[in-house]
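Thanks, everyone, for making the time. I would like to walk through one model with you, going from the local strand pairings out to the overall fold, so please keep the structure open while I talk.

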Amino acid sequence: MTQILDGKLLAQTMQAEIAAKVADFTQKHGLRPGLAAVLVGENPASQVYVRNKRKACDQLGMQSWLHQLPATTSQDELLHLLAQLNTDPQVSGILVQLPLPKQIDESAIIDAVAPLKDVDGFGPVSLGLLTAGTPRFLPCTPFGIQQILVRNKIRIDGQHVVIVGRSNIVGKPLALLLMQKGDGGNATVTVCHSKTRDIAALTTQADIVVVAIGQTHFLTRDMIRPGAVVVDVGINRTPDGKLAGDVDFDAVREVASAITPVPGGIGPMTITMLLHNTLQAAILQHS
Ligand code: NAP
């Protein structure tokens, strides 16, 4: 029978573990770990993401602040705010919700977050440490994918993982993470993207297929081998307003040995790893 990898349930379990550690930290240091969220403009999806992340912080006993800036904010104004947050001792982690308006260079903003507060794991120091095999803050979605596999006792070691999508926030760091030497790694990784020829020829060879491209029901039943594990990262809106992943779930679940649903799969795991990273940031800053 196909195993449904329930990210919502695992997120609850892991958040309870994090809450206990937050309580310990708060008792020891007289200070609650805190996440500063920066939201520029009125993107409705970004507003929902930030609201959910802040709500989760509150539930776990962390502090959270929202810096809501108008869509007309200049790059200098945003850099000025980040400089303040970087030196604020109350702020353990900084989250700049992407995408940013066109007048702002995203990479300049990502670079400006203090490395010890880079809880999204997107900055050059975090990515450099991951590449070197000595990670500090892992990007939250790849980290959540690794955890859902590990905690469900799905073997990664020695397996062939095919990742469809090579973005800086999902596909690329996930490849680095799963090919690391050691626990939760040791996979042989193939990365596909929009210029890859014959993606199905690669996905049908995989033990684990991860799809992160943002295209509804891209991965069909004939694109995996029977018994493969399938991880669906996509979050797409169908014309009737429902959420759908990048995997044709109903058809693919019939042949997969395990599969993540959308919603309730990788989404809740991503938020959980952000909370984990925020606590780790507080611990690092006070060690
Ligand atoms: P992105 O930055 O737009 O990158 C998409 C990647 O997919 C690119 O590498 C692109 O290739 C590749 N691609 C696009 N169409 C393709 C096709 N037909 N065949 C093969 N490759 C194709 O997207 P992202 O930020 O990584 O997000 C991907 C999806 O995951 C989105 O639906 C997003 O909403 C979702 N997401 C979910 C979470 C979560 O927490 N669950 C977190 C982050 C993202 P090129 O590089 O060649 O253009």
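Let me begin with a term I will lean on: two strands are said to pair if DSSP finds at least two bridges between them. In that sense strand S2, residues 34–40, pairs with strand S3, residues 63–69, with seven bridges joining the two, and they run parallel. I should say straight away that what you see is a predicted model, so please hear every value as computed from that prediction.

Staying with S2, the bridge partner of Gly-34 in S3 is Gln-63, and the connection between these strands passes through helix H2, residues 44–59, so to speak the middle piece of a right-handed β-α-β unit made by S2, H2 and S3. S2 also has a parallel partner in strand S4, residues 93–96, to which four bridges join it, and there Ala-37 has Leu-95 as its bridge partner. How many of the seven residues of S2 are buried? Seven of the seven are, and the strand is mostly covered. If you rotate the view, you can follow this on both faces, with Gly-34, Ala-36, Val-38 and Val-40 buried on one side and Leu-35, Ala-37 and Leu-39 buried on the other.

Val-38 brings me to a residue in a helix, namely Leu-81, which lies in helix H3, residues 75–87. Leaving aside its neighbours within four places in sequence, Leu-81 is in contact with Val-38, His-67 and Leu-69. Leu-81 has a relative accessible area of 11%, and it counts as buried because the cut-off for that is under 20%. For a sense of distance, the C-alpha atoms of Leu-81 and Trp-65, which are 16 residues apart along the chain, are separated by 13 Å.

Now to the other sheet I want to discuss. This is an open sheet of six strands in the order S1-S11-S8-S7-S5-S6, with parallel pairing, and its edge strands are S1, residues 3–4, and S6, each of which pairs on one side only. At the S1 end, S1 and strand S11, residues 258–259, pair in the parallel sense over two bridges, with Ile-259 in S11 as the bridge partner of Ile-4.

At the other end, S5, residues 160–164, pairs with S6, residues 188–192, in the parallel sense over five bridges, and Ile-163 has Val-191 as its bridge partner in S6. S5, helix H7, residues 171–179, and S6 make a right-handed β-α-β unit. S5 is also joined by four bridges to strand S7, residues 208–211, again running parallel, and here Val-161 stands opposite Ile-208. Why describe S5 as largely enclosed by the rest of the structure? Because five of its five residues are buried. His-160, Val-162 and Val-164 point one way from the strand, whereas Val-161 and Ile-163 point the other way.

Let me turn to the packing. The largest nonpolar core has 51 residues, and the members that touch the most others are Ile-145, Leu-149, Val-210, Val-233 and Leu-275. Helix H10, residues 266–285, gives the most to this core, with nine residues. Domain 1, residues 31–114, and domain 2, residues 140–267, both give residues to this core, so it lies between them. The centres of these two domains, taken over C-alpha atoms, are separated by 28 Å. If you select Leu-275 and ignore residues up to four places away in sequence, you will find it touching Gln-15, Ile-18, Lys-53, Ala-56, Cys-57, Leu-60 and Met-62. There is also a second, separate core of 18 residues, which includes Val-164, Cys-192, Phe-249 and Ala-256.

Finally, the overall picture. The secondary structure comes to 10 helices and 11 strands. The radius of gyration is 19 Å, close to the 19 Å that the globule rule gives for 287 residues, so the protein is as compact as a globular protein of that length. Along its principal axes the C-alpha trace spans about 50 × 40 × 35 Å, and 50% of the 287 residues count as buried. Among contacts with a separation of 6 or more, 70% are accounted for by residues 24 or more positions apart.

Definitions and conventions. Residues numbered from 1 in each chain as written. Predicted model: local features only at pLDDT ≥ 70, side-chain atom pairs only at ≥ 80, totals over all residues. Heavy atoms only, no water. Core = buried A, V, L, I, M, F, W, Y, C linked by side-chain atoms within 4.5 Å. Buried < 20%, exposed > 50% of the residue type's maximum accessible area, 1.4 Å probe, protein only. Domains from an automatic or database assignment. Contact = heavy atoms within 4.5 Å. Right-handed = clockwise from strand over helix to strand, strands pointing away. Rg over C-alpha atoms; globule rule 2.2 N^0.38 Å.
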